[in-house]
Amino acid sequence: MQNNDPTTSNAAQGEAPNAELEALKARIAELEASNVELRDTVLREKAEIENQRRRLHRDVEQARRFANEKLLNELLPVYDGLERGLQVESGDVASVREGIALTLKSLLKIAENNGLVQVDPVGQPLDPEKHHAVSMVDAPGAAPNTVVSVLQKGYVLNDRLLRPALVAVAKE
């Protein structure tokens with residue numbers, strides 16, 4: 001006995017697409033929820049990156065603004081010493097000269113601690129990378145193209161020439 005009732009077979013066929021349709025609707029809802037979750041994650045990550053960028057910019061700006069703080073703090077005693085020297089009304093030339101020498105020594109020590117080195121090439125061969133010859137002079141006993149006097153000392157900052165020494169060299 002076979003069931004040839006057309007309504008049963010149509011009902012069974014109608015349920016299959018409905019079940020498939022419900023499964024697809026559930027899958028769509030699941031994907032939409034996942035999409036919302038991913039969108040939220042992306043927005044949070046984007047906001048975090050923007051906050052990091054702002055913090056980095058602020059930190060770089062602060063570092064730039066206060067980069068010289070250590071150096072200037074070291075220079076304050078030199079400044080104070082010069083001010084005290086100017087306040088002295090009486091004094092002989094020797095004591096003033098000694099005060100200036102001590103102040104210069106202190107200033108040079110601070111400069112050295114911060115990577116500044118003087119270029120004082122007397123007696124050395126002319127080095128166009130570090131010296132600028134402004135004159136040639138007769139210098140008996142000195143080898144040709146040797147620095148015989150320094151008109152202005154040069155300076156090197158951390159192995160980079162800051163200012164060449166202005167020198168006079170011996171003629172040939």
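Me: What makes Gly-81 and Thr-103 lining residues of the largest pocket?
Reply: A lining residue has an atom within 4 Å of a pocket point. In this predicted model, Gly-81, Leu-82, Gly-85, Leu-86, Val-88, Ser-90, Gly-91, Ser-95, Val-96, Gly-99, Ile-100 and Thr-103 line the largest pocket. Gly-81 and Thr-103 are on that list, so each has an atom within 4 Å of a point.

Me: Which elements give two or more residues to that lining?
Reply: Helix 2 (69-87) and helix 3 (93-113) do. Helix 3 gives the most, with five residues.

Me: How do you know how many residues of this lining are polar?
Reply: Sort them by class. Gly counts as polar, so Gly-81, Gly-85, Gly-91 and Gly-99 go in that class. The result is seven polar, five nonpolar and no charged residues.

Me: What volume does the largest pocket have?
Reply: About 260 Å³. The second largest pocket has about 210 Å³.

Me: What lines the second largest pocket?
Reply: Leu-71, Leu-75, Leu-104, Leu-107, Leu-108, Ile-110, Ala-111, Asn-114, Leu-116, Tyr-155, Leu-157 and Leu-162 line it. Helix 2, helix 3 and strand 4 (154-157) each give two or more of these residues. Helix 3 gives the most here, with five.

Me: Why is Tyr-155 called nonpolar, and what is Asn-114?
Reply: Tyr is on the nonpolar list, so Tyr-155 counts as nonpolar. Asn is on neither the nonpolar nor the charged list, so Asn-114 counts as polar. This lining divides into 11 nonpolar, one polar and no charged residues.

Definitions and conventions. Residues are numbered from 1 along each chain as its sequence is written. This is a predicted model: local features need pLDDT of at least 70, side-chain atom pairs count only at pLDDT 80 or more; totals for chains, interfaces and linings use all residues. Side-chain values use heavy atoms; hydrogens and water are left out. On a 1 Å grid over the protein atoms alone, a cavity is a set of points where a 1.4 Å probe fits but cannot get out, and a pocket is an open set with protein on both sides within 12 Å along at least five of seven lines; lining residues have an atom within 4 Å of a point. Grid points are joined across faces, edges and corners, and a volume is the space filled by probe spheres set on the points. Helices (H or I, at least four residues) and strands (E, at least two) are DSSP runs, numbered from the N terminus.
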